[in-house]
Amino acid sequence: RRSEVKSFNLNYTFIWYYKAKKNQPKQKLVNYEQKNLENLLSNLEPYLYSENSIQINHFLEELQKVGVHFFILPALKKTYINGAAFKVNNVPSLVITLRYNRLDHFWFTLLHELGHILLHFKHLDSGFIDLEDDEIKDKEKEADLFAEKYLKVAQIEEFVQSYTYIPDSLLSKMSKDLKLPIAIIKGILAKKGRINYSRI
């Protein structure tokens with residue numbers, strides 16, 4: 001997953017990708033099974049609702065327990081990479097760059113890449129980078145929709161559809177009703193153009 005910008009450098013992106021594959025954690029995990037990852041995501045809400053880093057770290061530990069390597073690798077210049085999913089010897093890895101220090105961006109990227117692991121596992125040997133390819137665009141859209149489902153984007157948009165200005169009191173109610181941190185809700189609304197990024 002990366003941003004679409006004109007100064008994107010494909011060669012640097014391939015370098016980052018091969019560096020990520022080389023830096024895949026070496027510890028042995030349990031064999032990956034799709035149903036175990038699906039079960040973990042079916043109980044995502046307690047992890048997602050908390051802004052406590054302990055809960056986030058707990059979720060990342062649970063990822064390892066279902067056979068998915070997780071690690072962080074900063075992006076190279078002109079790559080604008082947010083994250084990637086791939087597999088080596090049938091072991092899936094999920095890597096993020098933490099380009100933006102925001103809770104909404106972290107969870108969207110993480111869930112987007114988990115979407116690739118669940119929806120496109122057979123394609124993760126080689127990966128796909130060229131976002132101009134229509135088939136790849138379709139897979140990226142599928143992964144976006146996968147993340148949006150868990151982040152309740154449709155419910156958030158429905159909540160605010162009749163508002164021209166979204167007050168903090170409504171944000172608090174949405175957070176309570178949807179069991180999402182306000183930080184995630186604000187990030188989604190900013191991405192949709194409903195609030196200014198200065199409110200995040």
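Start with the enclosed space: this predicted model holds two cavities of 30 Å³ or more.

**Stop 1: the second largest cavity.** Select Asn 82, Ile 96, Thr 97, Leu 98, Arg 99, Tyr 100, His 105, Phe 106 and Thr 109, which line the second largest cavity. About 40 Å³ of space lies inside. Which helix gives the largest share of this lining? Helix α5 does, with three residues.

**Stop 2: the second largest pocket.** Keep Leu 98, Tyr 100 and Phe 106 selected; they are also among the residues lining the second largest pocket. Now add Ile 56, Asn 57, Leu 60, Phe 70, Ile 72, Asn 101, Arg 102 and Leu 103 to complete that lining. The volume of this pocket is about 220 Å³. Colour α4, β1 and α5, the elements that each give two or more residues to the pocket lining. The largest share, three residues, comes from α4.

**Stop 3: helix α4.** Select residues 53–65. Put a distance between the end C-alpha atoms: they are 18 Å apart. That agrees with the expected span, because 13 residues at 1.5 Å a residue should also give 18 Å.

Next, show the side chains of Ile 56, Phe 59, Leu 60, Glu 62 and Leu 63, which are buried. Look down the helix axis: the buried residues of α4 fall within an arc of 155°, so they line one face. Ile 56 and Leu 60, both buried here, are also in the lining of the second largest pocket.

What do the buried residues of α4 pack against? Show α2 (34–42), α3 (45–49), β1 (69–72) and α5 (103–119); these are the packing partners. Then turn to the other side of α4, where Ile 54 and Lys 65 are exposed.

**Stop 4: the two ends of α4.** Go to the N-terminal end and select Asn 52, which caps the helix. A side-chain oxygen of Asn 52 lies 2.7 Å from the backbone nitrogen of Ile 54. Now move past the other end. Just after α4, Gly 67 has a positive phi of about 95°.

**Stop 5: Ser 175.** Jump to helix α8 (residues 168–178) and select Ser 175 within that helix. Is Ser 175 buried or exposed? Buried: the cut-off is under 20% relative accessible area, and Ser 175 comes in at 10%. Show Tyr 49, Leu 180, Pro 181, Ile 182 and Ile 185 to finish; Ser 175 is in contact with these residues, leaving aside neighbours within four places in sequence.

Technical notes: Residues numbered from 1 in each chain as written. Predicted model: local features only at pLDDT ≥ 70, side-chain atom pairs only at ≥ 80, totals over all residues. Heavy atoms only, no water. Helix = DSSP H or I, 4+ residues; strand = E, 2+ residues; numbered from the N terminus. Expected span 1.5 Å × (residues − 1). Buried < 20%, exposed > 50% of the residue type's maximum accessible area, 1.4 Å probe, protein only. Arc of directions from axis to C-beta. Contact = heavy atoms within 4.5 Å. Polar contact = N/O pair within 3.5 Å; in protein donor to acceptor, adjacent residues only side chain to side chain. 1 Å grid on protein atoms, 1.4 Å probe; cavity = no way out; pocket = protein on both sides within 12 Å on 5 of 7 lines; lining within 4 Å. Points joined across faces, edges and corners; volume = space filled by probe spheres on them.
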